[in-house]
Amino acid sequence: MTNPFFAPSTLPFGMPPFADIHDEHYAPAFAKGMTEQLAEIEAITSQPEAATFENTMIPLETSGQLLSRVAIVFFNKTSADGDAASDALEEIIAPQLAAHNDAISLNSALYERIRSIREGLDDTELDAEARYLVERYFTEFTLAGAGLSDDAKATLRDYNSRLSSLTTKFEKNLLADTNDLAVVVDSIDELDGLEPSEISAAASAANDRGLPGKYLITLILPTNQPHLSVLKNADVRGRVMAASRTRGIRGGKFDNRELVLEIAKVRSQRAALLGFDSHAAWVTADETAQNPQRVADMLGKLAPAAARNARDEHAALEKLAGTEVTAADWAFYAEKVRAEQYNVDTTQMRPYFEAERVLRDGVFFAATKLYGVTFTERRDLAAYHPDVRVFEVTDEDGSEVGLYTLDLYTRDSKRGGAWMNSLISQSDLLGHPVIVTNNLNVPKPASGETTLLTYDEVNTLFHEFGHALHGLFARVTYPKFSGTNTYRDFVEFPSQVNEMWMLWPEVLDNYAKHYETGEPMPREIVERIQASAAFNEGFLTSEYLAAALIDQAWHRIGADDDVTDVAAFEAQALAEVGLDNPAVPPRYSSTYFQHIFANSAYDAGYYSYIWSEVLDADTVEWFTESGGLSRENGDRFRSRLLGVGGSKNPLEAFRDFRGRDAELQPLLTRRGLN
């Protein structure tokens, strides 16, 4: 049988032929794909003609098509539906891919050709996107170490290979330990406070684990778990929080502490080799932040006010509770205070958040109103798992935009969190269409029962769909700029903006209807939610900033620094900025901080969420002042921001859209940090 990766897919939109792909296809496709791309690079560098955009940049951009096809499908599988076979292969493939990428990015002959083209840019008639392509390649190759000596490059290759293995191991350990730490509950009485659908999901999860008659509370990626806000049993709340907090620190084969220390150390050594004081300095040199000090300055402005607000919130919780409120209790009593002060109970909203209606009449509806696109389910196209749904996206004039796939439910084979990635990235040069996918981790109720989303899960779906729109709408010439391929500390901006439509009256009225009666959500509930927008922001900002500062602390260590105790290092980092409140643990602690110690590309970059939120808050203000949900506004945002992908400096794109640089005040107001 022919390997399905060896030729482009003939399915609509180039959808990977998942039904034909089996475990034995991956390794040969990786091997052939790497061999082919290296031969393509050799053809570029061995030609006698002087370097030009046409004989160097174009073939570089078109190289590696087989490798791209297999890598996209394989790494989508390992994150969304991994198994023992894919885990074993990833541990083998990861260092091979690191070496392969080094063979290209450290290729001196290729680097010199790119340098030559860059030096002669003023004498060419290249358009702006082509010029930017040359600049981006030159910057990235330089930062990757292409200009180092041969001996230094050999050391760099060792570092990169080691990091690839370490981060892969960290991610596998975390998934295994997270699954192992799911909390088993013996009696339904202990689940008092959960909705029937949540209890059903817990029973179904337990049954899947071979525990009939019991209930299983599975863990999501962040420290705080969704059920903590409603579980009335304090002991169960404590067990859930303890399980969440002990991931990666229990000893044994899934302990991540030594991996954290080694990853941080090797990254610092690599940064020194590349001429930087720290890994954070190396990372931010190619971000909009430019250097770690600018990151520290911003986080430092926000931390004291956030910590102060969190202390005030804690005092209010303990006054209501009449007893000590721990990290496990915070969410539970916060909901009680919210109800007392604002007459708001977010659990009251859950019956109005039926998943299918949220998707079609909320998320899709807002996109149609703003951008004129429509969504048609394609049941004829098989995805990588039976739970995954496929939708064709069509523009207002009937032209094809691409495919959108949604993988909503949690399972043991899926890593935690929520994310978007591309199965096919648009490019005029390659003639590629676009396929994007969203992954969430919503507990799946028993067959035939209704999926009701929490307030946070609805917000997450709108957020991740913002990434999907970025991927769907980008229209670029070169593959390097497709979709969300932009600066890490900018990429969250479009997704954060899309969150605003969740509670926009016209959108909310269209989807927030009771799943049994069809009655719309009472307007007063929404008004009270909006009135309480800054409630608990001290906690939320503090837990986020704590994680961002932990990330910065690990990645600002020097190559000669000797860190030996993960817990002590983390505690000191938090104490130095006043965020060492035991009742407000960081959103992620080091041993389960997948964003920065696995392959999620947020290392030294977790600050990017709030960095991007400055742009987001300013943009929400613009939409509000400009009439909100209109085609005129949507077309402007689509054409000037989403549509450019990574084909221009993102801050230039923002200025083109907004007419000026972003201002900080809208963010401070949103988070109650004035």
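These are short exercises with worked solutions on a predicted model.

**Exercise 1. Helix packing**

Task: Work out how helix H3 (residues 65-80) and helix H4 (residues 84-105) are oriented to each other, and which residues make the contact.

Solution:
- Step 1. Take the axes. Those of H3 and H4 come within 11 Å and cross at roughly 140 degrees.
- Step 2. Classify the angle. Over 145 degrees would count as roughly antiparallel, and 65 to 115 as roughly perpendicular. The crossing fits neither range, so H3 is oblique to H4.
- Step 3. Add the hand. H3 passes H4 in a left-handed crossing.
- Step 4. List the contact residues. H3 supplies Leu 67, Phe 74, Phe 75, Lys 77 and Thr 78. H4 supplies Ser 86, Leu 89, Glu 90, Ile 93, Leu 97 and His 100.
- Step 5. Sort them by class. Six are nonpolar, three polar and two charged.

**Exercise 2. The segment before H1**

Task: Find what Phe 5 and Phe 18 pair with, and describe each ring geometry.

Solution:
- Step 1. Start with the total. The structure holds 45 aromatic pairs.
- Step 2. Take Phe 5. Its ring centre lies 5.6 Å from that of Tyr 26, with the planes at 40 degrees, so this pair is tilted.
- Step 3. Place the partners. Phe 5 sits in the segment before H1 and Tyr 26 in helix H1, so the pair ties together parts 21 residues apart in sequence. Both Phe 5 and Tyr 26 are buried.
- Step 4. Take Phe 18. The rings of Phe 18 and Tyr 384 have centres 5.9 Å apart and planes at 65 degrees, so this pair is edge-to-face.
- Step 5. Place these too. Phe 18 also precedes H1, while Tyr 384 is in the loop between strand E3 (374-377) and strand E4 (389-394). The pair therefore ties together parts 366 residues apart in sequence.
- Step 6. Check burial against the 20% cut-off. Phe 18 is at 13% relative accessibility, so it counts as buried. Tyr 384, at 15%, is buried as well.

**Exercise 3. His 25**

Task: Is His 25 buried or exposed, and how far is its C-alpha from that of Asn 3?

Solution:
- Step 1. Locate it. His 25 is in helix H1 (residues 23-45).
- Step 2. Read the accessibility. His 25 has a relative accessible area of 7%, so it is buried.
- Step 3. Compare chain and space. His 25 and Asn 3 are 22 residues apart along the chain, and their C-alpha atoms are separated by 5.9 Å.

**Exercise 4. Backbone angles**

Task: What is the sign of phi at Gln 290 and at Asn 536?

Solution:
- Step 1. Recall the background. Most residues other than glycine have a negative phi.
- Step 2. Read the values. Phi is positive at Gln 290, about 80 degrees, and positive at Asn 536, about 65 degrees.
- Step 3. Place them. Gln 290 is in the loop between helix H11 (279-284) and helix H12 (292-321). Asn 536 is in the loop between helix H18 (523-531) and helix H19 (537-555).
- Step 4. Add burial for Asn 536. Its relative accessible area is 9%, so Asn 536 is buried.

**Exercise 5. Arg 475**

Task: Which residues does Arg 475 touch, leaving out those up to four places away in sequence?

Solution:
- Step 1. Locate it. Arg 475 is in the loop between helix H15 (455-473) and helix H16 (488-498).
- Step 2. Check exposure. At 39% relative accessibility, Arg 475 is partly exposed.
- Step 3. List the contacts. They are Glu 400, Val 401, Gln 426, Val 434 and Gly 643.
- Step 4. Relate it to Phe 654. The C-alpha atoms of Arg 475 and Phe 654 are separated by 17 Å. Phe 654 belongs to an aromatic cluster whose members include Trp 501, Trp 622 and Phe 657.

Conventions: Residues are numbered from 1 along each chain as its sequence is written. This is a predicted model: local features need pLDDT of at least 70, side-chain atom pairs count only at pLDDT 80 or more; totals for chains, interfaces and linings use all residues. Side-chain values use heavy atoms; hydrogens and water are left out. Axes are lines fitted to C-alpha atoms, for helices over the stretch in contact, and angles run from 0 to 180 degrees between N-to-C directions. Helices (H or I, at least four residues) and strands (E, at least two) are DSSP runs, numbered from the N terminus. Angles under 35 degrees count as roughly parallel, over 145 as roughly antiparallel, 65 to 115 as roughly perpendicular and the rest as oblique. A crossing is left-handed if the near helix is turned anticlockwise from the far one by less than a right angle, and right-handed if clockwise. Contact means heavy atoms within 4.5 Å. Ala, Val, Leu, Ile, Met, Phe, Trp, Tyr, Cys and Pro count as nonpolar, Asp, Glu, Lys and Arg as charged, and the others, Gly among them, as polar. Buried means under 20% relative accessible area, exposed over 50%, partly exposed in between (1.4 Å probe, protein chains only). Rings of Phe, Tyr and Trp (its six-membered ring) pair if their centres lie within 6.5 Å; planes under 30 degrees apart count as stacked, over 60 as edge-to-face and the rest as tilted.
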